[in-house]
Amino acid sequence: MPLEQALAEVAAEMAERTDRGDVATYIPQLGKVDPKKFGIAAVTNDGRTLVAGDADQAFSIQSISKVFTLTLALGNVGDALWKRVGREPSGNPFNSIVQLEHENGIPRNPFINAGAIVISDILLAGHQPREAIGEILRFIQFLCDDETIIIDREVAASERATGYRNFALANYMKSFGNLHHAPELALGVYFHHCAIAMSCRQLAMAGRFLANGGKNPATGHSVVSAERARRICAMMLTCGHYDGSGDFAFRVGIPGKSGVGGGILGIVPGVASLAVWSPGLNANGNSKLGSLALEKLARMMNWSIFAP
Ligand code: DON
């Protein structure tokens with residue numbers, strides 16, 4: 001089936017659904033988003049950008065930003081990063097604190113909140129928080145070739161005002177010596193990168209390098225090595241949906257990273273970068289219709305990293 005038709009069919013089907021999940025309200029600003037929104041975008045390695053639904057409306061990318069901060073931090077410190085953050089699925093919710101005590105303040109992976117806060121701490125090295133935040137935003141703008149992408153300061157402030165669990169995680173890791181800066185500084189970076197606002201079209205553009213062996217397919221320029229791109233995709237597959245990662249791999253069969261804003265970045269290695277947005281979440285905090293839409297699209301297009 002032509003990709004454009006598949007996207008249109010998926011978007012039309014999702015528009016009809018009434019079982020949309022629940023919009024996140026624990027960050028008050030996110031609770032204001034219309035749950036009826038749905039957007040989807042695909043950017044193919046051969047240079048096509050195809051969209052359907054509300055694909056040009058910006059939303060809060062939240063934890064999807066952790067793919068880009070991990071990429072940047074690996075560029076800064078290389079494999080030394082894995083001394084401070086693990087690479088195993090947590091099997092726990094994204095904001096869980098329980099494993100940290102047993103595992104001496106070393107978070108299971110870079111995508112749970114604790115892991116991403118350590119990554120923010122790594123990105124702070126030698127910088128003021130404002131500079132580290134600027135570096136992350138510029139990196140994402142560079143990946144999309146779009147300087148209009150911004151941080152939604154109201155979302156960042158809303159999360160800081162209610163981020164008691166993240167403060168607990170950061171303070172706890174500081175007590176084990178796994179934060180090198182003051183917890184509030186690492187959290188300042190973390191809250192701001194989670195508050196970056198992007199559309200599905202922009203997000204799919206940002207993921208191009210992961211679908212194309214580490215290179216921007218439009219320019220041929222290398223963002224990361226092919227090996228690093230594969231490894232980031234491996235982390236997305238195993239840890240990108242928290243304790244829903246196994247279910248996403250089972251149903252969709254491609255690496256993906258979700259955010260509580262309702263977005264998902266999906267990578268079909270060698271083929272395309274995908275972004276979907278539907279604000280209602282399932283019980284694991286992942287977009288309910290976003291997951292379903294990617295499942296249907298992958299089936300229509302016969303996309304799976306497990307396909308022969
Ligand atoms: O720290 C938080 O709770 C949010 N900034 C990000 C959480 C998130 O997106 C989890 N993803 N599904």
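Helices and strands here are DSSP runs, a helix having at least four residues and a strand at least two, and they are numbered from the N terminus. With that in hand, we can place a residue such as Gln-62, which sits in the loop between strand 4 and helix 2. Please keep in mind throughout that this is a predicted model.

Let us begin with the whole chain. The protein folds into 13 helices and 10 strands. Its radius of gyration is 18 Å, close to the 19 Å that the globule rule gives for 308 residues, so the chain is as compact as a globular protein of that length. If you draw a box along the principal axes, the C-alpha atoms fill roughly 55 × 40 × 35 Å. Of the 308 residues, 58% count as buried. Contacts across the sequence are well represented too: among contacts with a separation of 6 or more, 68% join residues 24 or more positions apart.

Now turn to the surface and the charges. The chain exposes about 12,500 Å², and carbon and sulfur atoms supply 52% of that area. There are 28 positive and 28 negative side chains, and the centres of the two sets lie 3 Å apart. A search of the whole structure finds 10 salt bridges, and three of the pairs are worth a visit.

Start with the pair formed by Asp-19 and Arg-17, whose side chains meet in a salt bridge at 3.0 Å, N to O. Asp-19 is partly exposed, at 29% relative accessibility. Arg-17 is partly exposed as well, at 28%.

The next pair reaches across the sequence. Arg-201 and Asp-56 form a salt bridge with an N to O distance of 2.7 Å. Arg-201 belongs to helix 9 (residues 200-206), while Asp-56 is in the loop between strand 3 (49-53) and strand 4 (59-60), so this pair ties together parts that are 145 residues apart in sequence. How open to the surroundings are these two partners? Arg-201 has a relative accessible area of 31% and is partly exposed. For Asp-56 the value is 51%, and because exposed means over 50%, Asp-56 counts as exposed.

The third pair stays within one element. Arg-251 and Asp-247 meet in a salt bridge at 3.1 Å, N to O. Both lie in helix 12 (residues 245-251), 4 residues apart, which is about one turn of the helix. Arg-251 is partly exposed, with a relative accessible area of 26%, and Asp-247 is partly exposed at 41%. The story does not end with two residues: salt bridges that share partners join Asp-247, Arg-251, Glu-295 and Arg-299 into one network.

From the charged pairs, let us move to a buried residue. Thr-71 lies in helix 2 (residues 65-77). At 3% relative accessibility, Thr-71 counts as buried, because the limit for that label is under 20%. Which residues does Thr-71 touch, not counting those up to four places away in sequence? They are Phe-139, Phe-209, Val-224 and Ile-232.

The backbone offers something for anyone who likes a Ramachandran plot. Gln-62, which we met at the start in the loop between strand 4 and helix 2, has a phi near 50°, a positive value in a residue other than glycine. Gln-62 is buried, with a relative accessible area of 2%. Asn-104 also has a positive phi, of about 55°, although it is not a glycine. Asn-104 is found in the loop between helix 3 (98-102) and helix 4 (113-124). Are these two residues buried or exposed? Gln-62 is buried, whereas Asn-104 is exposed, with a relative accessible area of 52%.

We finish towards the end of the chain. Ser-304 lies in the segment after helix 13 (288-301). At 26% relative accessibility, Ser-304 counts as partly exposed. Leaving aside residues up to four places away in sequence, Ser-304 touches Gly-253 and Ile-254. To get a sense of its position, take Leu-70 as a reference: Ser-304 and Leu-70 are 234 residues apart in sequence and 24 Å apart in space, C-alpha to C-alpha.

How values were computed:
Residues are numbered from 1 along each chain as its sequence is written. This is a predicted model: local features need pLDDT of at least 70, side-chain atom pairs count only at pLDDT 80 or more; totals for chains, interfaces and linings use all residues. Side-chain values use heavy atoms; hydrogens and water are left out. The radius of gyration is taken over C-alpha atoms; the globule rule is 2.2 Å times the number of residues to the power 0.38. Buried means under 20% relative accessible area, exposed over 50%, partly exposed in between (1.4 Å probe, protein chains only). Contact means heavy atoms within 4.5 Å. Accessible areas come from the Shrake-Rupley method with a 1.4 Å probe; for residues, only the protein chains shown count as cover. Lys and Arg count as positive and Asp and Glu as negative; His and the chain ends are not counted. The place of a charge is taken as NZ of Lys, CZ of Arg, CG of Asp or CD of Glu. A salt bridge is a side-chain nitrogen of Lys or Arg within 4 Å of a carboxyl oxygen of Asp or Glu.
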